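Thanks for making time this morning; I would like to walk you through one model, beginning with its strands and then turning to a pair of helices. Please have the sequence and the coordinates open as we go.

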Amino acid sequence: MFYNRYLKNVDLRNSRVCVGLDSDIEKISDKFGVNEEKIFNFNKYIIDSTYENTNTYKLNIAFYEQIGYKGIKMMEKTVEYIKSTDTPIIIDCKRGDIGNTAKAYAKYYFDHLQIDSITVNPYMGRDSLIPYLEFKDSHIFILSLTSNKSAQDLIIPNKLHIKTSKLANELNRLFENRVGIVAGATQECIEDLDEITENEIYLIPGIGAQGGDLKALIKSTYNKNILINSSRGIIFSEDPKKSLITLKNNINEEIDIYEK
Ligand SMILES: O=c1ccn([C@@H]2O[C@H](COP(=O)(O)O)[C@@H](O)[C@H]2O)c(=O)[nH]1
């Protein structure tokens with residue numbers, strides 16, 4: 001189950017980094033191929049050079065869907081390849097719909113692909129979330145405090161991040177560590193979540209290309225189960241392995257400051 005696999009890689013690989021395989025075909029060099037296979041070849045290169053220092057991989061489905069079924073085929077091929085490295089997998093698909101539809105989505109991710117976790121939108125309430133948790137060993141990340149600027153439109157003024165995190169906490173207790181939250185590194189009010197959350201995993205986007213401040217983030221979250229995502233900042237950097245190790249070490253050094 002994802003919670004245990006996350007903890008294992010914090011320990012074994014000393015890593016709290018989630019590498020985002022947002023493998024946009026338009027950004028991938030032709031040295032990886034000429035058709036859709038270049039997506040898989042690129043991912044394989046990234047995975048081979050990063051898995052030993054990676055806690056988890058996250059594939060945002062948008063970058064595969066954008067070219068249709070051939071892209072989905074490359075996503076599925078990548079999922080199988082990641083499994084051979086014994087690294088957990090999140091699909092960032094931000095699902096959210098009524099119960100029977102949620103069950104159909106869940107079937108794809110947890111029965112067919114057999115991945116570890118997905119991201120879900122809590123807007124429709126708990127009966128749109130529970131169907132995912134009815135699959136054995138499944139895990140979900142509830143969008144709580146998103147990293148984009150327009151979280152200021154609804155989430156922050158209405159304190160939705162507090163309500164969604166309370167819901168996540170309740171479901172996480174009920175479903176025994178199978179519910180986490182997405183909370184953006186770019187939002188100072190991430191600290192509001194400290195007292196509401198317990199051991200749920202925080203999936204944190206916003207470091208790297210979106211400019212979130214790592215020091216400030218760790219100050220607010222060092223005592224939590226954090227999983228910090230970086231996609232473009234690693235995979236499209238000049239040296240992905242070096243960028244990953246730098247991020248991994250910077251996170252651990254900051255945590256050490258507070259844990260001493
Ligand atoms: O609030 C959110 C939720 C999801 N994301 C996703 O995370 C990655 C971030 O990519 P970077 O290249 O490191 O900026 C991407 O897949 C987003 O869709 C997010 O950024 N914020």
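**Strands first**

Strand β7, residues 201-204, and strand β8, residues 225-230, pair in the parallel sense over four bridges, where pairing requires that DSSP finds at least two bridges between two strands, and where strands are DSSP runs of E of at least two residues, helices being runs of H or I of at least four, both numbered from the N terminus. Within that pair, Leu203 has Leu227 of β8 as its bridge partner. I should say early that this is a predicted model, in which local features need pLDDT of at least 70 and side-chain atom pairs count only at pLDDT 80 or more, while totals for chains, interfaces and linings use all residues. Residues are numbered from 1 along each chain as its sequence is written.

The wider arrangement is a closed barrel of eight strands, running β1-β2-β3-β4-β5-β6-β7-β8 with parallel pairing, and the twist averages 30° from one strand to the next, with axes taken as lines fitted to C-alpha atoms, for helices over the stretch in contact, and angles running from 0 to 180 degrees between N-to-C directions.

Now the helices. The axes of α2 (residues 37-50) and α4 (residues 69-83) come within 9 Å and cross at roughly 25°, and α2 and α4 are therefore roughly parallel to each other, a label for angles under 35 degrees, with over 145 counting as roughly antiparallel, 65 to 115 as roughly perpendicular and the rest as oblique. The contact, meaning C-beta atoms, placed from the backbone, within 7 Å, involves residues including Phe40 and Ile47 of α2 and Met74 and Tyr81 of α4.

Key: Contact = placed C-beta atoms within 7 Å.
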